[in-house]
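Visitor: Please pick one residue inside this protein and give me a close look at what surrounds it, then work outwards from there.

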Amino acid sequence: MHQRGVPMYLKVAATIKNRIHSDAYQRGEWIPAAKNLAQEFGVSTITIRKAVERLIQEGYLTARQGAGTRVTLPEQKKMEIQISGNFRDWFDSASGRSPRLEIEIVDIDPFQAPQSIRTLLDSGQNEPVGRLRRLRRHHGHVVSYYINYFRAEHLQRLPLGKLTQRSFIEVFQGSTRIRLTRLEQRVESIIAEMDLAKVLDTDYGSPLFFIENIYYAHQDKPVVMTHMYYRGDCYVYKAAIPLDGDHLPRNAHSLT
């Protein structure tokens with residue numbers, strides 16, 4: 001099934017990029033000549049050159065006059081987000097503490113949120129909610145995008161300086177004196193549409209991890225909603241799941 005509206009050179013670039021990440025084209029290796037790639041993909045050499053130029057700009061390839069095009073992407077270790085029953089493990093990996101990430105505030109202001117968010121936060125029909133948007137960078141490259149929603153009355157209490165040094169949840173609890181007692185989390189795989197692709201400095205259609213967290217306080221009242229977008233080429237989810245061999249189901253082989 002073809003993705004309508006996506007230029008062919010971007011599809012070719014994404015395919016070559018995936019081959020690099022999967023070591024089909026290894027670092028230091030020459031990729032096939034443009035005419036060979038054009039024949040393989042069923043496109044013109046102009047399309048191949050546009051795809052290669054894009055990958056050169058992104059640092060995946062380098063061209064040498066009269067020699068060809070070589071893979072130059074430096075080795076990248078994906079950052080792990082821990083899936084476990086231990087909130088601290090997940091929190092440290094997802095918040096950018098391990099490894100340490102640079103945090104950039106995009107904006108923090110009142111926002112006319114969708115009705116679903118206003119209802120969740122028990123905000124009035126025409127009342128804005130507070131919104132904080134931040135980027136996380138690793139060695140200067142954007143790897144994730146966070147949006148926090150909360151009642152607008154808390155905006156003035158949040159110290160901006162701390163929001164680039166600590167997690168929003170820590171700052172929120174410390175400045176509002178609201179103790180969060182429960183977290184509901186939803187994880188979904190999505191693709192980057194044009195707006196997200198621009199924010200995350202990635203290609204349209206690139207895979208993303210989307211996580212929605214809803215934090216509850218006393219009397220089980222939701223007070224914060226967080227939307228997190230992680231670039232699929234920068235993160236991997238990792239889980240350690242203990243197995244009790246004596247209590248595995250009879251069709252346990254299907255789990256593999």
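Guide: Let's start at Y145. Skipping its neighbours within four places in sequence, Y145 is in contact (heavy atoms within 4.5 Å) with R133, R134, L135, L196, V199, L200, H227, M228 and Y229. Before going on, a word on the ground rules: this is a predicted model, with local features needing pLDDT of at least 70 and side-chain atom pairs counting only at pLDDT 80 or more, while totals for chains, interfaces and linings use all residues. Residues are numbered from 1 along each chain as its sequence is written, and side-chain values use heavy atoms, leaving out hydrogens and water.

Y145 belongs to the largest nonpolar core, which has 19 residues. A core here is a set of buried Ala, Val, Leu, Ile, Met, Phe, Trp, Tyr and Cys residues joined through side-chain atoms within 4.5 Å; buried is under 20% relative accessible area, exposed over 50%, and partly exposed in between (1.4 Å probe, protein chains only). The members that touch the most others are I117, Y145, Y149, L196, L200 and Y229. Two or more residues of this core come from each of β5 (129–138), β6 (141–151), α7 (194–200), β8 (207–217) and β9 (221–231). Those labels are DSSP runs numbered from the N terminus: helices are H or I of at least four residues, strands E of at least two. Apart from this core lies another one of 18 residues, including I16, Y25, A38 and V71.

Now for the strands. They sit in an open sheet of six, in the order β4-β5-β6-β9-β8-β7, with antiparallel pairing; a pair needs at least two DSSP bridges. β4 (102–111) and β7 (182–191) are the edge strands, each pairing on one side only. On average, neighbouring strands of the sheet are turned by 15° against each other, direction ignored.

At the β7 edge, β7 and β8 pair in the antiparallel sense over ten bridges. As one example, I190 has L208 in β8 as its bridge partner. Helix α6 (residues 168–176) packs on the sheet, where α6 touches β5, β6, β8 and β9, and its direction makes about 160° with that of β9. Axes are lines fitted to C-alpha atoms, for helices over the stretch in contact, and angles run from 0 to 180 degrees between N-to-C directions.

I211 is a good spot to pause, since it lies in strand β8. I211 is buried, because its relative accessible area is 0%. R186 is 25 residues away from I211 in sequence, yet their C-alpha atoms are 5.6 Å apart. Neighbours within four places aside, I211 is in contact with Q185, R186, V187, T226, H227, M228, Y230 and Y237. So H227 and M228 turn up around I211 as well as around Y145.

Just before β8 comes T202, in the loop between α7 and β8. T202 is buried too, with a relative accessible area of 14%. Beyond its neighbours within four places in sequence, T202 is in contact with A192, A197 and R231.

Stepping back to the whole chain, there are seven helices and ten strands. Buried residues account for 40% of the 256 residues. Of the contacts between residues at least 6 apart in sequence, 57% join residues at least 24 apart.
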